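Me: I have some questions about how the labels on this model are justified. Please set each value against its cut-off and conclude.

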Amino acid sequence: MEMLKKDIQYIKGVGPKRLSLLKKLKIYSVEDMLYHFPRDYENRSISKKIVELQPGDQTTVYGFVVGKCQSTYVRKGLNINRYLLKDATGSMTITFFNQSYMKNKFNHKDYLMLYGKVKGCPKGLEMVNPTYEVITPNETPIKEGIVPIYPSTEGLNQKQMMHIQRNIVEALENLDDYLPEDMIKKNKLCSLQFALKNIHFPTSLQQMKIAKYRLVFEELLLLQLALIKIKKKTIKQQKSIPLTMKDGIASFIQGLPFRLTSAQQNVIGEILKDLEREVPMNRLVQGDVGSGKTIVAIIALYKAVMNGCQGAFMVPTEILAEQHYTSLKQLLEPMGIRIGLLTGSLTKGRKQQLLKEIQEGQIDIIIGTHALIQETVNFHRLALVITDEQHRFGVAQRAILAEKGDNPHILVMTATPIPRTLALILYGDLDISIIDVLPPGRKEIKTHSLIIEEKERAYATAKKELALGRQAYVVCPLVEESEAIEAKAATEIKEELAATYFVDYEVGLLHGKMNSKEKETVMKLFLENKIHVLVSTTVIEVGVNVPNATMMIIENAERFGLAQLHQLRGRVGRGDFQSYCLLIHNNKSKIAKERMKIMEETTDGFIISERDLEIRGPGEFFGVRQHGLPDLKIANLFKHIKVLKKVQGQVEELLQEDPYLMLEQYPLLREKLEEKFNGFQGT
Ligand SMILES: Nc1ncnc2c1ncn2[C@@H]1O[C@H](COP(=O)(O)OP(=O)(O)OP(=O)(O)O)[C@@H](O)[C@H]1O
C-alpha cells in the first residue's frame with residue numbers, strides 16, 4: 001500500500017506546473033490519482049478508412065492534412081477552423097467550432113489520428129470537434145484501444161492526464177486488498193489491483209465493467225460502514241441531558257382529543273425511551289401524509305419541558321411554522337408552557353425581545369423556520385431539536401442547530417416515504433421509526449385523472465363539494481423554478497376561477513411571493529371556512545392541515561413527481577369526510593398515463609415512492625430536494641441500487657459478528673475506512 005500513499009509529485013511526468021493543476025483537481029497522492037476515474041471512454045480499437053465512413057459512425061480515422069487551415073470568423077462567439085484530411089481512399093473535412101487555438105494548429109502533411117462522430121456535410125463528410133493526436137513518423141499513437149476520458153481542468157489535457165495515469169498504473173504491483181477475502185469471493189469481485197488497472201486502461205469493455213463493479217461495490221460499502229460508524233460513535237461518545245422525569249405524560253396523552261393510533265404509540269414509546277438516555281437521540285420518524293406526526297413531536301417537546309429544558313421545532317415554511325404554533329399553543333399553553341414563534345418576518349424589535357426570552361429561558365418551546373439556525377439564537381437549556389421535512393434542511397443545517405445545545409436529542413420528521421434501501425443510506429446515521437397506520441375513520445381519497453378537455457367536469461364536481469359546505473384547493477402548475485412567474489400564473493388562475501366557476505364563493509390565493517402576514521391571513525380565513533376555494537402554488541405541499549377541505553384539483557399534474565402529487569393530495573382526506581383528488585393533465589404519453597394510473601390506484605406513499613423510483617429512474621426521484629446525498633466518485637445511488645442492496649446484506653452480516661463494527665479482524669478495511677472518513681475512527 002506504500003505505493004498508493006506516495007506524493008503525486010514523485011511520479012514521472014509531474015512537474016511543478018502540473019502538480020498545481022492536479023491539486024486543483026484535489027489530487028495529492030498516487031491513490032487520489034488512481035481514484036480519479038475516467039468520466040467516459042472512447043473505443044478506438046476500431047478505425048476506418050475514409051471511404052468506409054458513414055454518417056453517424058463513432059470511430060477513429062488516420063490521414064494527412066492537405067493544405068492550410070481555413071479560418072472563418074462568423075461573429076463574436078462563433079469562429080470556425082477547417083482542415084482537409086486525406087487518406088489513400090478519400091478525403092473529409094475536419095471542423096473545429098469555437099476553438100480558436102485550433103487555428104493553424106496543423107500543418108500541411110501532418111499525419112493525424114482523429115476520433116469522433118462522422119456527419120454528412122455539403123462537401124461530403126465531416127468530423128466536428130474530434131479528439132486528435134499528431135503522429136510523428138517514428139511514433140505509434142498512445143491513444144489506441146479503449147481510451148479513458150478524464151474530468152480535467154484547464155491547462156491539463158487528456159494526453160497529459162493519461163500519461164501520468166499510465167505511469168502509475170504500469171508500476172502497480174502486489175496491492176493488498178482491503179476487502180475481506182470471503183466478501184470478494186461471495187460477491188464475485190475482482191481484486192483491487194485488477195480493478196484499478198482496468199478502470200483506467202481496460203483491454204475490453206467487459207473488463208472495464210468488471211473493474212467498475214468492484215469499485216462501485218467498495219465505495220458503497222465504505223459509505224454504508226462509515227454511516228453506521230458515525231451512529232455507533234455518537235452513541236458511545238456524546239452525552240445529552242437525559243430526560244428522565246415522566247410525570248404528566250400519561251395524563252397529557254389521555255387528555256388529547258383523540259386516541260393515539262397503535263403506530264403513534266409505538267413511535268412515541270421509542271422516542272420517550274431514547275430521551276431518557278444520556279446518549280443523544282438521533283431518530284427519524286417517517287410517516288405517510290396525514291399519519292399524525294405532529295402530535296408525536298408535541299409529546300416529545302412536552303417531555304423536554306417537563307424536564308426543565310427547552311425544545312426547538314424547525315420547519316421548512318412559515319405557513320407550517322404558524323400552523324404548528326397554533327396547535328402547540330392550543331394544547332400546551334393551558335398547562336403553563338410558553339411557546340415562541342421565530343420567523344424571518346418578525347419586526348426587529350419583536351425579534352430582539354424573543355431572542356432574549358429564548359436565551360433567558362422564558363420561552364420553553366420555540367418554533368421557527370431557517371431563522372432558528374441563525375447565529376444570534378442562543379438557548380438557555382436546549383435538550384431537544386425537532387426538524388420537519390429533513391429533505392429541505394439537509395444534514396449540515398441540522399448539525400448547526402444541534403450545536404446550539406449541549407448535544408440535544410434530535411428528531412427528524414419526514415412525510416416522504418423512501419424505499420428502505422435508500423433510507424439506509426440517506427439516513428444511515430439515524431434510527432428509523434415508521435408511522436404506518438392512518439388515524440381511524442379516514443376514508444380513502446378518491447382520485448381521478450382527467451385530460452385537459454375535461455377540466456369543466458372537474459370544476460363542476462368541486463362545486464358540488466362546496467355546496468355541501470366543504471372546501472377545495474386548486475393547485476397551479478409548476479412554472480420552472482421561478483416563484484415570481486409562478487405567483488403571476490396563480491394570480492391569473494385565481495381571478496379567472498373567481499369570475500367563472502366559483503362566482504358564488506370566496507376564492508383565496510396563496511403563493512410564495514406573499515409575505516408571511518398575508519399568507520397567515522389567507523390560511524386563517526381558509527381554516528375558518530371564510531375562504532372556500534384556495535388557489536395555491538406548491539407552497540401548500542407540506543403539512544398544511546385543514547380537515548374540512550375535501551377537494552383537491554391539480555392542474556398540469558403531469559409536471560409533478562409522484563411523491564409530490566402524493567404530498568399535495570395529502571392536504572385533503574384529513575378529516576372524516578370523503579375526499580377527492582382530480583388530476584388534470586395535458587400529456588397523453590404512455591409514462592404520463594402510467595403515472596396518473598398509479599395515483600388513481602394507490603394512496604400508500606411507500607408504494608408510490610417505489611414506483612416513482614422505478615418509472616423516473618435515477619436522478620429525478622428526489623428532484624430538487626436531493627440535498628444531503630453523499631458525494632460519490634463512481635457509484636450512483638439510483639443506478640446501482642442492486643449493488644447497494646448486496647452491500648447492505650454484507651454490512652448486516654458484518655454487524656452480526658461484530659456489532660460495534662470495530663473491524664479488528666479486518667485491519668486493512670478498518671484502516672481504509674478511517675482514512676477515507678477521517679474523524680469517524682474513534683468508536
Ligand atoms: N390518533 C389520531 N386520531 C385521530 N386524529 C388524529 C390522530 N393523530 C392525528 N390526528 C389528526 O390528523 C390530522 C393530521 O395530523 P398531522 O397534521 O400530524 O399529520 P402529518 O403526519 O403531519 O401529515 P403531513 O405530513 O401530511 O402534514 C390532524 O388533524 C390531527 O389532529
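Me: Why is Asn129 called partly exposed?

Reply: This is a predicted model, and the count is taken from its atoms. Asn129 has 14 other C-beta atoms within 10 Å. Buried needs 20 or more, and exposed means 12 or fewer. The count for Asn129 falls in between, so the label is partly exposed.

Me: Where is Asn129 found, and what is its phi?

Reply: Asn129 sits in the loop between β6 (124–128) and β7 (131–134). Its phi is positive, about 45°, although Asn129 is not a glycine. Most residues other than glycine have a negative phi.

Me: What makes Leu663 count as buried?

Reply: Leu663 has 21 C-beta neighbours inside 10 Å. The cut-off for buried is 20 or more. Leu663 therefore counts as buried. Its place is the loop between α21 (641–657) and α22 (667–676). Leu663 also has a positive phi, near 55°, and is a residue other than glycine.

Me: How do you know that Ile271 is buried, and what does it touch?

Reply: There are 24 other C-beta atoms within 10 Å of Ile271. Buried starts at 20, so Ile271 qualifies. The residue lies in helix α9 (residues 262–275). Leaving out residues up to four places away in sequence, Ile271 touches Met281, Arg283, Val296, Ala300 and Leu411. A contact requires C-beta atoms within 7 Å. Ile271 and Asn282 are eleven residues apart in sequence, and their C-alpha atoms are 9.5 Å apart.

Me: Why is helix α18 described as largely enclosed?

Reply: Helix α18 covers residues 562–569, and eight of its eight residues are buried, so the rest of the structure largely encloses α18. The buried residues are Leu562, Ala563, Gln564, Leu565, His566, Gln567, Leu568 and Arg569.

Me: What makes strand β14 mostly covered?

Reply: Six of the six residues of β14 (residues 409–414) are buried. His409, Leu411 and Met413 point one way. Ile410, Val412 and Thr414 point the other way. In a regular strand the side chains alternate between the two faces of the sheet.

Me: How do you know that β14 pairs with β9 and with β13?

Reply: Pairing needs at least two bridges. β9 (residues 282–287) and β14 share five, in the parallel sense. Gln286 stands opposite Thr414 there. β13 (residues 382–388) and β14 also pair in the parallel sense over five bridges. In that pairing, Leu384 has His409 as its bridge partner. Both pairings meet the cut-off.

Me: What makes β2 and β3 a hairpin, and which strand pairs with β2 over seven bridges?

Reply: β2 (residues 58–75) and β3 (residues 78–86) run antiparallel, joined by eight bridges. Two residues lie between them. Ser71 stands opposite Asn81 in β3. In the turn, Gly77 has a positive phi of about 90°. The strand with seven bridges to β2 is β5 (residues 111–121), which also runs antiparallel to it. Gly63 stands opposite Leu112 in β5.

Me: Why is the largest nonpolar core said to lie between two domains?

Reply: That core has 104 residues. Ala300, Leu301, Ile386, Leu411, Val535 and Ile553 touch the most other members. The largest share, nine residues, comes from α10. Domain 3 (249–435) and domain 4 (446–603) both contribute residues, so the core lies between them. A second, separate core has 41 residues, including Ile11, Tyr150, Cys190 and Ile199. In soluble globular proteins, nonpolar side chains tend to be buried together.

Me: Which residues does Val535 contact outside its neighbours within four places in sequence?

Reply: They are Val474, Cys476, Ala490, Ile493, Lys494, Leu497, Val507, Gly508 and Leu509.

Me: How do you know that both domains contribute to the shell around the ligand?

Reply: Domain 3 (249–435) and domain 4 (446–603) each supply at least three residues of that shell. Of the 20 residues around the ligand, Val289, Gly292, Thr294, Ala415 and Pro439 come nearest. Helix α10 (residues 293–306) gives the largest share, three residues. By type, the shell divides into seven nonpolar, ten polar and three charged residues.

Notes
Residues numbered from 1 in each chain as written. Predicted model: local features only at pLDDT ≥ 70, side-chain atom pairs only at ≥ 80, totals over all residues. Near = placed C-beta within 6 Å. Helix = DSSP H or I, 4+ residues; strand = E, 2+ residues; numbered from the N terminus. Nonpolar A, V, L, I, M, F, W, Y, C, P; charged D, E, K, R; others polar. Domains from an automatic or database assignment. Core = buried A, V, L, I, M, F, W, Y, C linked by C-beta atoms within 7 Å. Contact = placed C-beta atoms within 7 Å.
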